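Visitor: Please show me the structure that we are to discuss. I should like to go through it step by step.

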Amino acid sequence: MAGRDKLNIYQGQRSAYALAERVYVPGEGVNLETATSIATLLLRDLSRGWTYDHEGRKIPMTERLFMRRLFYLYPLALKHYGKEEAQKVRDMLLAVFASRKIPSIYAKFVNLEGENKDKIIRELMTKRILPMVVPPNVRGNKAKASVW
């Protein structure tokens, strides 16, 4: 990628995740919805042991990298949406960090897009990263609020 901008790893249709996995976190900036969605993919990366860098290359997902990426969502939320939203993001991040899954109270905020969305959601539920009930606002999902 010499001479080009860095890729966003998780967010947007031109992110590393979108290009490699055909799934991504929609939107711009980091609020509770996008932070929860990114945290979900971070947990997936941690469980499988690899992720992508800003050039779209596969790299090891270490515990340290997981923590750095997870907790970087707080200053981004503060920058993009302010103190009140950042506090909500912080609470979610601490819950995710402690449990290594998306707690059910936050599952409704998970929003993924892309052609592999349903496959990834099933994988996340099988690995118990997401609760077994399909998050209600995963757009376009035919099995809303039902068990897989």
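Guide: Helices are DSSP runs of H or I with at least four residues, and strands are runs of E with at least two, both numbered from the N terminus. This is a predicted model, in which local features need pLDDT of at least 70 and side-chain atom pairs pLDDT 80 or more, while totals for chains, interfaces and linings use all residues. Residues are numbered from 1 along each chain as its sequence is written, and side-chain values use heavy atoms, without hydrogens and water.

Visitor: Which residue follows helix 4, with a positive phi?
Guide: Helix 4 covers residues 83-99. Just after helix 4, with a phi that is positive and near 60°, comes R100.

Visitor: How far does helix 4 reach from its first C-alpha to its last?
Guide: Helix 4 has 17 residues. The expected span is 1.5 Å times one less than the number of residues. For helix 4 that expectation is 24 Å, and the model comes close to it, with a reach of 24 Å.

Visitor: How wide an arc do the buried residues of helix 4 cover around the axis?
Guide: Buried means under 20% relative accessible area, exposed over 50%, and partly exposed in between (1.4 Å probe, protein chains only). In helix 4, E85, A86, V89, M92, L93 and V96 are buried. They lie on the same side of helix 4, because their arc, taken from the directions from the helix axis to the C-beta atoms, is only 125°.

Visitor: Which exposed residues does the opposite face of helix 4 carry?
Guide: The buried residues of helix 4 pack against helix 2 (32-48), helix 3 and helix 5 (104-107), contact being heavy atoms within 4.5 Å. The face turned away from this buried side carries the exposed residues K83, E84 and A98.

Visitor: How many residues apart in sequence are the parts that R48 and E21 tie together?
Guide: R48 and E21 form a salt bridge (a side-chain nitrogen of Lys or Arg within 4 Å of a carboxyl oxygen of Asp or Glu), with their closest N and O atoms 2.9 Å apart. R48 belongs to helix 2 and E21 to helix 1 (residues 16-21), so the pair ties together parts whose separation in sequence is 27 residues.

Visitor: What is the relative accessibility of D45, another partner of R48?
Guide: The side chains of R48 and D45 meet in a salt bridge at 3.0 Å, N to O. Both lie in helix 2, three residues apart, about one turn of the helix. D45 counts as buried because its relative accessibility is 0%.
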